[in-house]
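Notebook open, coffee on the desk. I'm jotting down what I look up as I go.

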Amino acid sequence: TFTAFDLATLPSDAVILTATLELYQTGSTGSAFNMKMQALTGSWTETGVTWDNQPTYTTADEVGSGTLSGDWRQWNITPIVQKWRAGTLVNNGVRLIFDFGLKGSRIFSSREGANPPRLVVEYVRRPTLTVQADTSIAQANPTQNYGNAVDVFVGRNETTFNENHTLLQFNVSGVPAGSTIVSATLILH
């Protein structure tokens with residue numbers, strides 16, 4: 001069985017946390033046997049692939065038989081999808097093959113069926129927000145503005161104990177509406 005998914009709908013700044021391939025099992029024959037999910041390294045087309053021209057594959061990051069949840073069999077293919085996203089592995093999809101065991105078969109719904117294969121991707125977005133305003137203020141010079149300075153400063157004078165503070169302001173409109181902010185990290189150089 002071969003299947004492929006287009007990752008183009010993921011936001012450009014998405015960082016993939018998990019990727020689970022799910023196939024809906026519509027039937028089975030014979031005894032129990034093991035399967036393997038492997039990344040394809042060669043191209044293929046849905047109406048052109050045959051046994052004789054099947055694409056090449058890699059055993060790196062291959063996944064065993066998966067888990068069964070109701071009629072959905074699930075495989076954690078996170079490392080494969082992360083490599084597709086990073087561009088270190090061309091996204092040619094994956095193949096599901098018989099591994100070992102007694103005779104038998106498993107039948108899964110195709111994309112033309114009632115329950116097509118699906119790739120469930122959990123990701124976070126990590127947009128970098130550029131500062132829109134920054135300045136420092138100084139207790140020793142309470143009316144002075146440092147908004148045009150090339151540096152901002154923070155600290156306390158060792159003799160007078162006067163403090164210096166830095167103020168930063170960011171435009172967060174680039175964070176999509178409805179997002180849940182899990183963490184935010186401020187980085188200063």
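**Entry 1: F161.** I started with F161, keeping in mind that this is a predicted model. Is F161 buried or exposed? I looked up its relative accessible area and got 54%. Exposed means over 50%, so F161 counts as exposed. As for where it sits, I found F161 in the loop that links β11 and β12. I also checked its backbone: phi of F161 is near 65°, which is a positive value in a residue other than glycine.

**Entry 2: D61.** Next I went to D61, where phi is also given as near 65°, again positive and again not in a glycine. D61 is not in a loop entry of my notes; I found it in strand β4. How accessible is D61? Its relative accessibility is 28%. The partly exposed class runs between 20% and 50%, so D61 goes in there.

**Entry 3: the sheet with β4.** Since I was at β4, I looked up its sheet. It is an open sheet of four strands, and I wrote down the order β1-β7-β3-β4, with antiparallel pairing. Which strands are at the edges? They are β1 (2–3) and β4 (57–63), and each of them pairs on one side only.

Then I looked at a pair inside the order. Strand β3 covers residues 33–40 and strand β7 covers residues 94–101; they run antiparallel, and six bridges join them. For one spot to click on, I noted that A39 stands opposite V94 in β7.

There is a helix to add to this picture. Helix α1 (residues 78–86) lies across β3, β4 and β7. I looked up its direction too: α1 runs at about 130° to β4.

**Entry 4: the sheet with β12.** Back towards F161's loop, I found another open sheet, this one with three strands in the order β10-β12-β11 and antiparallel pairing. Its edge strands are β10 and β11, each pairing on one side only. How many bridges join β11 to β12? I got two, and the strands run antiparallel. I picked out R156, whose bridge partner in β12 is E163.

**Entry 5: N141.** I stayed around there for N141, which lies in the loop between β10 and β11 (155–156). Its relative accessible area is 40%, so I wrote it down as partly exposed. I also looked up its distance to N162: the two are 21 residues apart along the chain, and their C-alpha atoms are separated by 9.4 Å.

**Entry 6: the largest pocket.** Time for empty space. Rolling a probe the size of a water molecule over the atoms shows where some is left. The largest pocket holds about 1,300 Å³ of it. I found 34 residues in its lining, and P127, T128, L129, A184 and T185 lie nearest the centre. Which strands supply at least two residues each? I noted β9 (118–125), β10 (131–138) and β12 (163–170). By class, the lining has 22 nonpolar, eight polar and four charged residues.

**Entry 7: the second largest pocket.** Last stop. The second largest pocket has a volume of about 410 Å³. It is lined by 17 residues, and F2, T3, E46, S110 and R111 are the closest to its centre. Strands β1 and β8 (104–108) each supply at least two lining residues, and β8 gives the most, with three. I sorted this lining as nine nonpolar, four polar and four charged.

Technical notes: Residues numbered from 1 in each chain as written. Predicted model: local features only at pLDDT ≥ 70, side-chain atom pairs only at ≥ 80, totals over all residues. Heavy atoms only, no water. Pairing = 2+ DSSP bridges. Contact = heavy atoms within 4.5 Å. Axes fitted to C-alpha atoms, helices over the stretch in contact; angles between N-to-C directions. 1 Å grid on protein atoms, 1.4 Å probe; cavity = no way out; pocket = protein on both sides within 12 Å on 5 of 7 lines; lining within 4 Å. Points joined across faces, edges and corners; volume = space filled by probe spheres on them. Nonpolar A, V, L, I, M, F, W, Y, C, P; charged D, E, K, R; others polar. Buried < 20%, exposed > 50% of the residue type's maximum accessible area, 1.4 Å probe, protein only.
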